[in-house]
Amino acid sequence: MTPICLVGIGKIAVDQHVPAINASDDWTLAATVSRAGTVEGVPAFTDFDQMLSETDIPVISLCLPPVPRYAYAAKAIAAGRHVMLEKPPGATLAEVQALADMAQAAGVTLYTTWHSRMARGVAPAKAWLADKQITGAHISWKEDVRRWHPGQQWVFEPGGMGVFDPGSNALSIITAILPMPIHLQKADLMFPSNCDTPIAAQLQWTENVTGDFDWRQEGPQSWDITVKTKAGTLTLHDGGARLLIDEAEVAAGEDREYPALYDRMAELVKTGASEVDVSPMIHVADALTLGKRVTVEAFHF
Ligand code: NAP
């Protein structure tokens, strides 16, 4: 098993990364780096430079928010380590490109993970849509930020991307399954009067594709994508976990998103390859470039 170091022991590291690594035959969790978080029984560092100088752990998985993540990734690559990035892969597109160039020059693997692409319905949805004529699509991504990001102020700070933090999951799916490219034509972005990032957004792309993203959804949560084609309607529910074609269930079952990311990282390291895809982030950047800013009620956790 290959030793791996997990950096940023917060919500997603504890909820998903640690269980996925522990259940894998490819990886052993050899160290953590976090100022406050630890994992029982695993050597814990509070300083990243110290971990790099005192260990030769070959693979680093970065679970920090996007803004601080770049500096860690650049140091890890400079130290000859393979790097796995949580989504979205950076605070800017240019910094992700810089990391890709550094990784290539250093001969190490860089993997920009998009966990929602590993949801059970996504690959069969892509396969079914491949030869279809698309007439339109709609994303409905509505969740309660207080429930899923309790107290995480960084999501409303510059670079936190606001509702596009979970919204990039939908964008990672739509960019994977549609057989044709789309580009943004209109966006309305709702910024709470005390926040630097949007809490909701309505987006409209070419090819009759629309998206409704909202972090103020109390009650039932929705992570749904519907694609209309001349041959029928495809729907992904539950963030891609359930696939229906014309209301008939095609794929559903156990969530293996994070285990699948770690399987893929093992494959990339073994073959000496990288996988860097910023296409979901391009739509976020476009929305923030093109979008009309609407000020809404202040938000407090
Ligand atoms: P989080 O719990 O707020 O942060 C993760 C850890 O990163 C924190 O515990 C903190 O550890 C460290 N950290 C935070 N700010 C830092 C800074 N400025 N400098 C250095 N370290 C810092 O966030 P999260 O929810 O796990 O999200 C992290 C990433 O995972 C995000 O990109 C998010 O989009 C992605 N993600 C989150 C979820 C979810 O449900 N929350 C789901 C999928 C993906 P220390 O203070 O101990 O150093």
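User: What makes the pair formed by a polar side-chain atom of Arg-69 and an oxygen atom of the ligand a polar contact?
Analyst: The distance is 2.9 Å, and a polar contact is a pair of N or O atoms within 3.5 Å (within protein, one must be able to donate a hydrogen and the other to accept it, and residues adjacent in sequence count only if both atoms are side-chain atoms), so the pair qualifies. This is a predicted model, in which local features need pLDDT of at least 70, side-chain atom pairs count only at pLDDT 80 or more, and totals for chains, interfaces and linings use all residues. Residues are numbered from 1 along each chain as its sequence is written, and side-chain values use heavy atoms, with hydrogens and water left out.

User: Which distances to an oxygen atom of the ligand apply to Ser-34 and Trp-154?
Analyst: A polar side-chain atom of Ser-34 lies at 2.6 Å, and one of Trp-154 at 2.8 Å. The protein covers 81% of the 880 Å² of accessible area that the ligand has on its own, as computed by the Shrake-Rupley method with a 1.4 Å probe (for residues, only the protein chains shown count as cover).

User: How do you know which residues surround the ligand?
Analyst: A residue is near a molecule or strand if one of its heavy atoms lies within 4 Å of it. Around the ligand there are 26 residues, and Ser-34, Arg-35, Ala-36, Lys-87 and Asp-165 are the closest. Helix 3 provides the largest share of this shell, four residues, while helix 1 and helix 3 each supply at least two; helices (H or I, at least four residues) and strands (E, at least two) are DSSP runs, numbered from the N terminus.

User: What is the make-up of the shell around the ligand by class?
Analyst: The shell has 13 nonpolar, seven polar and six charged residues. Ala, Val, Leu, Ile, Met, Phe, Trp, Tyr, Cys and Pro count as nonpolar, Asp, Glu, Lys and Arg as charged, and the others, Gly among them, as polar.

User: Where does the ligand sit, and what makes that place a pocket?
Analyst: The ligand sits in the largest pocket, because more than half of its atoms lie within 2 Å of the pocket's grid points. On a 1 Å grid over the protein atoms alone, a pocket is an open set with protein on both sides within 12 Å along at least five of seven lines. Its volume, the space filled by probe spheres set on the points, is about 1200 Å³. Of its 44 lining residues, Lys-11, Ile-12, Trp-148, His-149 and Tyr-258 are closest to the centre, where lining means having an atom within 4 Å of a point. Helix 1 gives the most to this lining, with five residues.

User: What lines the second largest pocket?
Analyst: There are 13 lining residues, with Ala-91, Gly-159, Met-161, Val-284 and Leu-288 nearest the centre. The space amounts to about 180 Å³. Helix 9 (residues 279-290) contributes the most, four residues.

User: What makes the peptide bond from Lys-87 to Pro-88 and the phi of Asp-238 notable?
Analyst: Most residues other than glycine have a negative phi, and most peptide bonds are trans. The bond from Lys-87 to Pro-88 is cis, with omega near -20°, and Pro-88 lies in the loop between strand 5 (82-85) and helix 4 (93-106). Asp-238, not a glycine, has a positive phi of about 55° and belongs to the loop between strand 12 (232-237) and strand 13 (242-245).

Note on methods: On a 1 Å grid over the protein atoms alone, a cavity is a set of points where a 1.4 Å probe fits but cannot get out, and a pocket is an open set with protein on both sides within 12 Å along at least five of seven lines; lining residues have an atom within 4 Å of a point.
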